[in-house]
Amino acid sequence: MWWDERFDFQTTFLQCLAKHVPNIYSAEMDPLLEKQEEMVQTTIFYPMECYLFGEDPDIFLEKLQQSGTSQLCGKVFKGGETTYSCRDCAVDPTCVLCMDCFQNSIHKNHRYKMHSSTGGGFCDCGDTEAWKTGPLCTKHEHGASGTAKENSECQLNEEVMEHSRRVFPSVIKYIVDMLIWEEEKELPLELTISREKADNYYCVLFNDEHHSYDHVIYSLQRALGCELGEAQLHTTAIDKEGRRAVKAGHYATCQEAKEEIKRHSENVSQRPLHVEVLHADVMAHQKFALRLGSWLNKLMSYSSDFRQIFCQICLKEDAGSEKPCFISKLMLWDAKLHKGARKVLHELIFSSFFMEMEYKKLFAVEFVKYYKALQKEYINDDHDRVLSVTALSVQMFTVPTLARHLIEEQKVITTITETLLEVLPEYLDKNDKFNFQGYNQEKLNRVYAVIYDLRYVLISKPTLWTDHLRERFLEGFVSFLRILTCMQGMEEIKRQIGQHIEVDPDWEAAIAIQMQLKNILLMFQEWCACDEELLLKAYKECHKAVMRCSANGRSREKTVFHLCGHTLESRPYRVSTDPVSIHLPLSRTLAGLHVRLSKTGTISRLHEFVSPEEFQVDLLVEYPLRCLVLVAQVAAEMWRRNGLSLISQVFYYQDVKCREEMYDKDIIMLQIGASLMDPNHFLLLILQRYELADAFKKMKPTKDQDLIKQCNVLIEEMLQILIYVVGERYVPGVSNVTKEDVIMREIIHLLCIEPMAHSAITKSLPENENNETGLENVIDKVATFKKPGVSGHGVYELKDECLKEFNMFFYHYTKTQHSKAEHTQKKRRKQENRDEALPPPPPPDFSPAFSNVVRLLNCDVMMHILRTILQRAVELETHLWTEAMIQMVLHLLSLGLLEEKQQLQKSPEEEVTFDFYHKATRMGSSALNAVNILMLLEKLKRVPQLEAQKDTVSWILQMFNTVKRLREKSSLATTVAATSGLEATKGDESTQDKEKAERKRKAEAARLHRQKIMAQMSALQRNFIETHKILYENTLETQGKEDAIMEEESMSLAIDYSKIALGPKRGPSVAEKEVLTCILCQEEQEVKLESAAMVLSACVQKSTALTQNRSRILELSGDTLDPLFMHPDLPCGTHTGSCGHVMHAACWQKYFEAMQLNFRQRLHVEQIFDLENGEYLCPLCKSLCNTVIPIVPLQAQKINSEDAEAVAQILSLARWLEIVIVRISGYSMKNAKGEKQNAPAFINKGVGNSALEFHSILSFGVQPSIKYSSSIKEMLILFATTIYRVGLKVAPNEADYRIPMMTWSTCAFTIQCIENLLETEGKPLFGSLQNRQHSGLKALVQFAAAQRTTSPQVLIQKHLIRLLGVLLPNFKVEDTPSLLEVDMFHVLVGVVLSFPSLYWEDTVDLQPSSISSAYNHLYLFHLTTLAHITQIVLSSATESPTARSHDNSEEACSAQSFCKEVCRYTSGCFSQDIPGWLVWDCVKKGIMPYLRCAALFFHYLLGVSPPEELLQVSEEGQFKALCSYLSLPTNLFLLFQEYWDTVNPLLQRWCADPVVLSCLKGESIAIRYPRKRNSLIELPEDYSCLLNQASQFRCPRSSDDEQKHPVLCLFCGAMLCSQNTCCQELVNGEELGACTSHALQCGAGVCMFLKIRECKVVLIEGKTRGCLYPAPYLDEYGETDPGLKRGNPLHLCRERYRKLHLLWQQHCIIEEIARSQETNQIFFGFNWQLL
Ligand SMILES: [Zn+2]
Ligand SMILES: [Zn+2]
Ligand SMILES: [Zn+2]
Ligand SMILES: [Zn+2]
Ligand SMILES: [Zn+2]
Ligand SMILES: [Zn+2]
Ligand SMILES: [Zn+2]
C-alpha cells in the first residue's frame, strides 16, 4: 500500500504502526520472541523494504552486498574482546584493530600490543589517519582498491535514493519521538487509534549501578512475593537490557507494585530503585523504536548512500528554529535512556556517522556544540562510561585533522577547559582554589573523563600552524591556565605543633588530578614550543598568571640577613610555621616553557614580552623552593604530627607518575633562579628558606639531640638540592642533551642498582602521552639482555662501559635506591681490586641560558658552607656533622674541580674565570689558625670515622693536582708541560705497580688457602677408607662360614650371574642396613622387622596420566567397581607418591593428632587440607600428604646355585604348572565342602597327573612366614585402607575384599607411571630416579609384598585364581576378561605378590623358600610375557607391510611360524600375510615398556642389582640387558618354542576368545603397543593464535553475546566456558563450574587449564582447591604477562611448558596447589567449585 503515491508516507507509516505495534508487543511479561519477530517482519518490515527498494528485499540486499564493501572495518568491540595496537605504526595508542584485521595486517610482525576491550570501541582498520603505515588489512585493502570502480556500481539508483529520503525521516522521527517520550499513559496523537484505552499497564524496573544484584533480587521477592528463580530472571534481564516489566495489570495494581518495590529497595540501601508504570502501548512502541534502530543499523552496512542520507536527515535543523537536530536530541537524551536503548543508539552512530569521514566531522561539530551539557549529564548519570555517548569523544578527538578542525572552528580546547571549570566549582574555596576535602570519589572519576578529552585533543601536534589555529590554541591555553590558577597553591597545609592532627586530610583527589594532568601539561608545553611566537606569548601569559598568584604575602616587611660579607633582603617566611602547598602547576608550567625557550634559543627575545622589572626571579623561585624545603622538613621528621597523608603526598611528588611536572620542574625553577640571581644571594635565600641561616653562623651549643639530628638532616637535604641544582643537567634546554640521552641516563642509574626485568624498568620510567617510555630505542646501547631459565624472568644487565656514568647523587634515586646503588657499585669496584672512590661523572655543559648556574660552586657562601662542614668533621665535633654530609661536600668539590678542569681544557687559562681551585685553596679567615679546604681534606684522610671516604678524598686531592697542573701548564713553556705530563704518567704507573703487587699478593693468599683445604680433604678421605675397611670386614664376618666358602668358589662365576633377577641363576639381593632419621624427633633408628615401624609420608591420588582414551566415562564412585583387572587403556589408576621424608609411626601419629586437635579448636578457619580425609602437610617440606607408607625392610635372599641347578632338572614349566594346578584344585576340593560357587572347576584333564598331590608344592623348599612387629602390621593396614579409600572413593573399610587388589594395582600403576616418566625424560631406567621417587617406590613395593600377610589367605588365593585365569584359561572362573581386555603388567604384579598364598597351610604359616620363589617368579613372569607377546601380535601387528625388504633373521622366522599358529587358532581371522620381520619389529617395540616395568618391579622386590647397561640410555643395549636381567631369550619367540607343549593349549584358548575374534574382525578396537606416551596438548607458538581461537569460541549452552571466559584443558584440548552459570553442571547434587566438572572426568579430579583471556594456567584438584600458575608464554624480554596487562607479543616457551608437563606426569599438581595455597592465602576466598 505504501507504494501508492497518492498517500503521504509519514501518515501511512504511522497508521500502520499504530495498528500493528501494540498487538505484536502485547505479551511483554512473557514474550514469544520468535513469534514477535516473525510478525514484525511480515506486517511492517517486508512491505516497508519492498517500498524502499522497489523490489524483493532479499534479492536487492544480496545484490548490494556483492557490489562492494567499505574500506573501513568499523567493527564495534564487545567487552572482553581482544584488540591490537601497533607501537611502530599507530598514531596513538587509541588506534586499534580487531582480531581479523590484525591477523591480516602487516602489524602482525611489528611490535604490537594486545589488550582486552572494555567494550564500545571500534576497529580503526582503513582509517588512514590512524596509522603511519599499513592502514589497511588485506581484507579491507581489497575493498579500498576496488572503491573507485565499484563505488559507481554500488551506488543506489535514483529511485531507491528518492524513497530513502522519504522513508528515513519518518523512521528517524518515530525513533526519536518514542525514545524521548515521557508520558506514562499517553501516546502521541498520531499513534493513538481509539479514544478508549485499555487499562493495561506495566510496572517497569530500571537498571542502576547503585543497587547490587542481590539487593534487586531481595527487593523484588519482598515486593512482588515472587519466587527466587523469577526474581533472578528479572534481575538478569534488567542488568542486561536496562529495564524490564516485572508486573502487568491495571494502573492501580502497577502503581501499588511500584510503591512496594521502592519501599523495599529503600530499606536495603539509601536510594529507592527506579520504577515506572507505563501503559502497554507506550511500552510496545518504545520497544519497536529500538527494533527499528537495529533495522537501520543493518541497512547502514549495505551502502554508503544509505549512510549519507541517514546522516543528512539526522543533522537537519528546522529552519529558523533553535531546536537541536535529531541526532543532537538523542545525544542530549542519552543519559536518560536505559542501557538497551543506548546500545542501539551508539551502534547506529558507529555504523553511520563514523563510517563516513565527512559526516563524522559534522557529528563531531554537533558533539562539541553540546559538549558541556553532555558532560554534565554524564557526571550526574550513574551508568558506566562505556554506556555514555560522551565515550565517543575518543573516536573523534584523536583523529588529527578532526582535532585541528575542532580547535580552529569550535574552540574545543576552550570548551573542554570551561566545562572542567563548570563541573568543579563545588570544590572551590573562598580564595578560588580547589579543595577536595570530603570529595565524592565516583563523581570525581567522571570528571577525569573530561580531562582525558583534553589529552585526546592534544595527542597529535599540528605540523602546520595557521594564524587562526595559533589564536585559538592560545585562547585555549589561557583558559587552561585558569584551571591551573585554581590549583596553584591549593590544599595548603600548616605544620602541626604539639598535637597530632585528628583526621588525615583527603589528599588522593588532588594528586590524582595532578597525575591526570601530567602529560597534558607536557603536551601544552610541546605545542607551545612548535612556534616561536606562540611560545613567547604563552610564556608571557603564564608568567602573568604566576605573578598574580604570588601577590599575597608581599605585605610583610623585608628583613636583612648577612653572611660572609653578603647581604640578602627578603620578606620573612618560614615553611615550618606558615602555610605551604605542594601544588604549583603554574610555576612548573613556566619552568617547562622556560627550558623550551632556552632550547629553541627564543630566550633572547624574552625581554620583548616580559620586561626585566616585571620578571622578578626571586618571586618565581620562592614557591618551588618552599615545596622542596617542605620535603626536607618531612625527611627531618618535623611534620610527624601531620600524619600519613603528607608522607604520601611527598612520595608522589617525587614518584615517577608525577615527578616530571612536580619535583623535576621545581629543580629546574631553582636552576633558573641560580642562573639569573647573584650566586651568593641565591645561596643565602636557600639557607634562609631551609631555616639553616644560624647553623652556618657561629654554632650555638645545644644539648637537644633531636634538634641536632633535625638540623643535620636539613643540612643534608639542602646539600643534596645544591648538588642537583649544579649537577643535574639532563634536560633538553638545560644542556644540549636529547631525549634519548635522558632515558639512557635513567636506565643506567636503574641498572646500577641491580639487573632488572624489562617490565620493572618500564615501570620506573615516565610514560609519555602514548604510554611509551622510549625504553626500546636505547636499551641495547646501555644493557645486555640475559635470558631466563625455566622460572623467573629475563633481566637486563648494564654494559661495563656505562658504569662510568654512575652518579651516586642521581636526583631520581629514592633514599633506599641511593644506598643500594652505592653499595652495589662499591662492591663491584672492590671485586675488581680497584679503589672505592665514586666521583661524579663529568656533566654535560649547561646551555647558554643556564651557564651561570656553575657560579654557585665557587661563590663565597658556597665555600663557607663547604669549609664549615669539613672543619666540623676534622675537629671531630661529632654531633654537628654526618658521613652523608661529608659525602655530599666531597661530591660538590668534585663537581667544582671537574668544571674547572673542563673549562681549562677548552679555553686558554687566562680566559677561564671559574676559579674553584683558587677559592678552595684560599684561607677561610685571616686568623692564625685559619685553614683552607685543601688542608682540611688532607686532615680528613686521618679521621677514623671516614675510612670509607678515604678513596674519594684521594681522588679529589689528585684532581686538585690535575687542575693545578693545568693552570701551571699554560703559564709555563711547552717543554715543561711535557715533563709534567710525563710526571703524571709516572704517577699513574706507580699506582699501577702498586695495584699489580696487591693483586699478586691476593692471588698468592688464595693459592695457599686452596692448598690447605686440599690437604684437609685428603686426610678426611684416608680416614674414610680406614673406617670403611673395618665396616667391610665386619660384614664379611657376620655373613657366615659356609657362605664365605661358597662365595670364594663361585666368585669368578658369580660375577656373570649376579645381575639376573629370576630363576635358578638369580643373583644375590643387595640389602644394605638401613638407618633412618625421623624428621620429627631427629632420632635415628635401624629399619628392622621386629622394631617399631618407621613410615614415609605419602600421597595417594587417582590419576589419568596414562590414559589412552579420554572419552571413556569414569565412574565417580567405586562402590561397585572390581579393580582386580586393569583395562589396557589404563583409564584411571591409583598413584602413590612420596616426598621421601621418614618419621617414626608413633611420632607421625602424635603429629597428626595434634594437628587435628588444633584445627578442631579453630573451627571456622578454612583449611588448605582436609583432615577428615587424612590430609596433612609433610612436617619438613610442606608437601600435601594423605597417608604414610610403612617401611618394610627387604629380606636379603641368596640362593645356592648348585641346589638351584639340581631343582631345575625336575621342575620344568609343565611340571610346575601341574603342581600349581593340583594345589589349587586341592584347595577347591577342600572348599567345595563349604561354599561351592567359589571353587574353580579344573577342566583340563590332559595335564592332570595322579602322581602329584596337594602337598607337592611344598617339596621344593619352604620357610616360615615372616613375622612383622605389631606396629608395622598396624601401618600396613592403615596404608592399605587409604589406598582403597582414595583409589575407589569409598568409605574406609579395613575388611573389604578389594583391599589387596588395590594394593597390587597402585603398585603396578605407580611403576608404570615412573617408567613412563623416565622414558619421556630420556633418562636411564636405573640410577636416575630422584631420591624421593626411589625411596617411595622401594617402600611401596616392599609394602605391597608384605600387605598379603594382613589379609585372610583364602581371600588372596581367590584373587590369585582369578588372575591366573587370564593366563590359564583352564580355570573356569567367571568374569575373566579376554587377553585383549587386560593390562598384563597389572596381572604380573598381582600374581607374583599373591602367589605365596598357595603355601598357606592350616596349621603352619609357610612361604616359599628362596629357591622356590626363584622358580615361581620365573615361570609366572614367563607366562605373563607369553601372554603379552600374544597380545601385542594380536593387536598391533596388523599394519600392511611397507616396501621395505628384510633379511630373514632368526627372530623373523620364529615370528613367522608363531603367526601361522595364531592364524590357525583364530580360524584365519588373523592375517598370515604379515611378514615375520614386521611382527618381530612390533613385538620388540611393543614389549619394551612391559619389560622395563617388570625390571623395576623385580628389582625393588628382590634387590638384585641390574646390569650396567640399564644405568645408561641405549636402545639396543637396553633390550639385551632387560632380557638377561629377566631371564628371557633375546629372541622372545624362543619362549614359545621351548614351552610349546605347555603353551600350545593356552594359546589356542587365548585366541579363540570371542572378544579377540571380534577384535580381529575389526568389530572393536584394541589398544596397540607400545601405548602412546601422553603429553600436554600442542600449543601454538604465537599467543595471539590462542586469543583468536578464544574469540571464535561459542558457549555450547547459551547463545547470548555476553563476555565469556574460555579456558583450554591442557590434558585433552577441550575449550570450556568457565565461571559462567550457563555451563554449570549438577554433580551429586552440587553445582559445579565447567572446569571443575570437566576435571572430574578428564583428570580424575586433578586438571590443568589455560585461561586464555587472562593468560594464566589454573591447576585444580577436586572441588575446593586450586591455584594459579604462570602460563608458559613469554614476551621477548623473558617475562610472563598474567592478565595481559602489558600486552606485549607472547611466544611459547617450550622449557616452561615441559615443566608443566612434568608437573602433571610426576603427579605433583596437588603438591603445587598446596604449596601455592600456603603462600598465597588470598585464594581462600575463591570459589573453585564454580570455575
Ligand atoms: Zn577490523
Ligand atoms: Zn581490516
Ligand atoms: Zn605496525
Ligand atoms: Zn620420631
Ligand atoms: Zn616431605
Ligand atoms: Zn580435558
Ligand atoms: Zn556457557
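How many nonpolar, polar and charged residues does the lining of the largest cavity have? We will get there in Exercise 1, after a word on the model.

This is a predicted model, in which local features need pLDDT of at least 70, side-chain atom pairs count only at pLDDT 80 or more, and totals for chains, interfaces and linings use all residues. Residues are numbered from 1 along each chain as its sequence is written, chains are lettered from A and ligands numbered from 1 in the order in which they are written, and side-chain values use heavy atoms, with hydrogens and water left out.

**Exercise 1. Describe the largest cavity and its lining.**

Step 1: Search. The whole structure holds 15 cavities of 30 Å³ or more. A cavity here is a set of points, on a 1 Å grid over the protein atoms alone, where a 1.4 Å probe fits but cannot get out; lining residues have an atom within 4 Å of a point.

Step 2: Volume. The largest cavity has about 240 Å³ of space, where volume is the space filled by probe spheres set on the points, and grid points are joined across faces, edges and corners.

Step 3: Lining. There are 19 lining residues, and Leu 1130, Gln 1312, Glu 1315, Pro 1489 and Arg 1571 lie nearest the centre. Two or more residues each come from helix H46 (1299-1320), helix H49 (1384-1394) and helix H52 (1476-1502). H52 gives the most, with four residues. Helices (H or I, at least four residues) and strands (E, at least two) are DSSP runs, numbered from the N terminus.

Step 4: Classes. The lining of the largest cavity has eight nonpolar, six polar and five charged residues. Ala, Val, Leu, Ile, Met, Phe, Trp, Tyr, Cys and Pro count as nonpolar, Asp, Glu, Lys and Arg as charged, and the others, Gly among them, as polar.

**Exercise 2. Do the same for the second largest cavity.**

Step 1: Its space is about 130 Å³.

Step 2: Of its 17 lining residues, Ile 175, Phe 310, Leu 330, Leu 345 and Leu 348 lie nearest the centre.

Step 3: At least two lining residues each come from helix H6 (158-179), helix H10 (280-300), helix H11 (304-315), helix H12 (326-333) and helix H13 (339-351).

Step 4: By class, this lining has 15 nonpolar, two polar and no charged residues.

**Exercise 3. Find the donors of the zinc ion (ligand 4) and name their arrangement.**

Step 1: Cys 1078 (SG), Cys 1081 (SG), His 1144 (ND1) and Cys 1147 (SG) are the protein donors, 2.0 to 2.3 Å from the ion. Donors are N, O and S atoms within 2.8 Å of the metal (3.2 Å for Na, K and Ca); water is not among the atoms, so sites may look incomplete.

Step 2: The four donor atoms subtend angles of 97 to 118°, so the arrangement is tetrahedral. For four donors, that word requires all angles to lie between 85 and 135 degrees.

Step 3: Along the sequence, the spacing is C-x2-C-x62-H-x2-C. Cys 1078 sits in the loop between strand E10 (1075-1077) and strand E11 (1084-1086) and Cys 1147 in helix H42 (residues 1145-1161), so the pair ties together parts 69 residues apart in sequence.

Step 4: Both Cys 1078 and Cys 1147 are buried. Buried means under 20% relative accessible area, exposed over 50%, partly exposed in between (1.4 Å probe, protein chains only).

**Exercise 4. Work through the zinc ion (ligand 3) in the same way.**

Step 1: Its donors are Cys 86 (SG), Cys 89 (SG), His 107 (ND1) and His 110 (ND1), at 2.0 to 2.3 Å.

Step 2: Angles of 98 to 117° make this site tetrahedral.

Step 3: The donor spacing is C-x2-C-x17-H-x2-H. Cys 86 in strand E1 (residues 82-86) and His 110 in the loop between helix H4 (99-103) and strand E2 (112-116) link parts of the chain 24 residues apart.

Step 4: Cys 86 is buried at 2% relative accessible area, whereas His 110 is partly exposed at 23%.

**Exercise 5. Locate a cis peptide bond and a positive phi.**

Step 1: Tyr 1569 and Pro 1570 are joined by a cis peptide bond, with omega about -5°. Pro 1570 lies in the loop between helix H56 (1554-1560) and helix H57 (1583-1592).

Step 2: Ala 1644, not a glycine, has a positive phi of about 50°. This residue is in the loop between helix H58 (1634-1642) and strand E25 (1646-1651), and is buried at 12% relative accessible area.

Key: 1 Å grid on protein atoms, 1.4 Å probe; cavity = no way out; pocket = protein on both sides within 12 Å on 5 of 7 lines; lining within 4 Å. Tetrahedral: all angles 85-135°; square planar, octahedral: opposite > 155°, others 65-115°.
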